[in-house]
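Visitor: I have a model on the screen and want the labels justified. Can you take me through it, term by term?

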Amino acid sequence: MGKAMRHLAWLLLFGMILAGCEEKAPVVPVHKEKKEAPGTVKIGFSMDTLEEERWVRDRDLFKQAVEDQGAKVLITEARGDDALQVLQAETLIAEGVDVLVIVPYNAEAAAAIVQKAHKAGIQVVSYDRLVRNADIDLYVSFDNERVGELQADAITELVPKGKYVYIGGAETDYNAHLLKKGVFDVLKEPIDRGEIQVVYDEWTDNWLPENAYDNMKEALKANDGDIDAVIAANDATAGMAEKALEEAGLAGKIPVAGQDAELNAVRRIVQGTQAMTVYKPINILAEEAAALAISIARGEYIDTDKKINNGKIEVPSVLLQPTAVNKANLDTTIIADHFHTREEVYE
């Protein structure tokens, strides 16, 4: 082959390499460009964890609600790792989602996700848990302060005077702070009157039930088992508090409050070892969040009459109302709504 021909061959090969690189180069789409192009709305759903029953329900219900409206959903689970959640969110952004819906593991660290999404022109909806110190576009949840109020109302009715234990949620979850505020807003007056003493008050690291168990064991030891009531941040922590009480021979003797209406918690209510739970119809939350996310993707105006301060802005919010459930009304609430079947509850 002559020198000129070899030169031409190298040029052709170099051109082919460049063309191949261009085809594989990653492109991060911009929200506005996606809206102008026809096609299916794509929603990203970045979840903290699927360790608890309720979050598996949220995932399945949200997915179904999005698909029922003819949209597509991409779901990731961070397994309680804030760095992994940021990385997964970046992947969803690169996949070209129109709106990013996020259940933050760490309310503060998730602000970085909001910034990255906004830089790509993608709006962000905070699902059930509020992202702190970020320009969140919308917050959809239940009224978490009200959840705490319902817990405290129920327990103070059963135990108007005595020694209380509070097993909180994860300190990194802003919802856990809202729940606690609701509880202590109700407890303030009886505490001030000296009728109630909070003899133990601790967060549960990462919402892990085994940490709640350790907390309850510590509370029992510190008070020589002299405890009159327990308020736990959710049903998973309530279940482990109940386990510690059972080991101390106190199961069913001390009222325990939880939230989420998990199946095991409802069964404990029937058995008399948990006093109450707070029922939050997750199907309504998932359907509402899905509909709102799709509306945002389509450029429709979202009108909300409530705002929640997240440390940076007043976030437009849609807050759904929870319901206190005990043995007397679980048939007309949880079972009537088909949240759990009668056969499951009364096994």
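Visitor: What makes β6 mostly covered?
Guide: Five of the six residues of β6 are buried. Buried means under 20% relative accessible area. This is a predicted model, and everything here is computed from it.

Visitor: How do you know that β6 and β7 pair, and in which sense?
Guide: Pairing takes at least two bridges. β6 and β7 are joined by six, and the two strands run parallel. One of the partnerships sets tyrosine 166 against aspartate 201 in β7.

Visitor: What is the hand of the crossover from β6 to β7?
Guide: The chain leaves β6, passes through α7 and arrives at β7. That β-α-β crossover is right-handed. The term applies because the path runs clockwise when the strands point away from the viewer.

Visitor: How many bridges link β6 and β8?
Guide: Four, in the parallel sense. At least two are needed, so the pair counts. Isoleucine 167 stands opposite alanine 232 in β8.

Visitor: What joins β8 to β9?
Guide: Two bridges join β8, residues 229–232, to β9. The cut-off is at least two, so this pair qualifies as well. These strands run parallel. Isoleucine 231 faces alanine 257 in β9.

Visitor: In what order do the strands of this sheet lie?
Guide: The order is β7-β6-β8-β9. The four form an open sheet with parallel pairing.

Visitor: Why are β7 and β9 said to stand at the edges?
Guide: β7 (196–202) and β9 (256–257) each have a single partner strand, so one side of each lacks a neighbour in the sheet.

Visitor: Which strands does helix α7 touch?
Guide: Helix α7, residues 174–192, packs on the sheet and touches β6, β7 and β8. Its direction makes about 160° with that of β7. Helix α8, residues 209–222, also packs on the sheet, touching β6, β7 and β8. The direction of α8 makes about 155° with that of β6.

Visitor: Now the charged pairs. What makes arginine 129 and aspartate 48 a salt bridge?
Guide: Their closest N and O atoms are 2.7 Å apart. The limit is within 4 Å, so the pair passes. Arginine 129 sits in the loop between β4 and β5, and aspartate 48 in the loop between β1 and α3. That links distant parts of the chain, 81 residues apart.

Visitor: Are those two residues buried or exposed?
Guide: Arginine 129 and aspartate 48 are both buried.

Visitor: How far apart in helix α3 are lysine 63 and glutamate 67?
Guide: Four residues, about one turn of the helix. Their side chains meet in a salt bridge at 2.9 Å, N to O.

Visitor: Why is lysine 63 called partly exposed?
Guide: Its relative accessible area is 35%. Partly exposed lies between the 20% and 50% limits, so lysine 63 fits. Glutamate 67, at 37%, is partly exposed by the same limits.

Visitor: What does the salt bridge between arginine 342 and aspartate 331 tie together?
Guide: The N to O distance is 3.1 Å. Arginine 342 lies in helix α13 and aspartate 331 in helix α12, so the pair ties together parts that are 11 residues apart in sequence. Arginine 342 is partly exposed at 42% relative accessibility. Aspartate 331 is partly exposed at 28%.

Visitor: Which residues do salt bridges with shared partners join into one network?
Guide: Arg54, Asp58, Asp128, Asp260 and Lys280. The full count for the model is 23 salt bridges.

Visitor: Why is leucine 320 called buried?
Guide: Its relative accessible area is 15%. The cut-off is under 20%, so leucine 320 meets it. This residue is found in strand β12, residues 314–320. Beyond its neighbours within four places in sequence, leucine 320 is in contact with Ser141, Phe142, Asp143, Ile284 and Leu285.

Visitor: And the chain as a whole: what share of its residues is buried?
Guide: Buried residues make up 50% of the 347. The chain has 13 helices and 13 strands. Its accessible surface comes to about 16,400 Å², with 51% belonging to carbon and sulfur atoms.

Note on methods:
Residues are numbered from 1 along each chain as its sequence is written. This is a predicted model: local features need pLDDT of at least 70, side-chain atom pairs count only at pLDDT 80 or more; totals for chains, interfaces and linings use all residues. Side-chain values use heavy atoms; hydrogens and water are left out. Buried means under 20% relative accessible area, exposed over 50%, partly exposed in between (1.4 Å probe, protein chains only). Accessible areas come from the Shrake-Rupley method with a 1.4 Å probe; for residues, only the protein chains shown count as cover. Contact means heavy atoms within 4.5 Å. Axes are lines fitted to C-alpha atoms, for helices over the stretch in contact, and angles run from 0 to 180 degrees between N-to-C directions.
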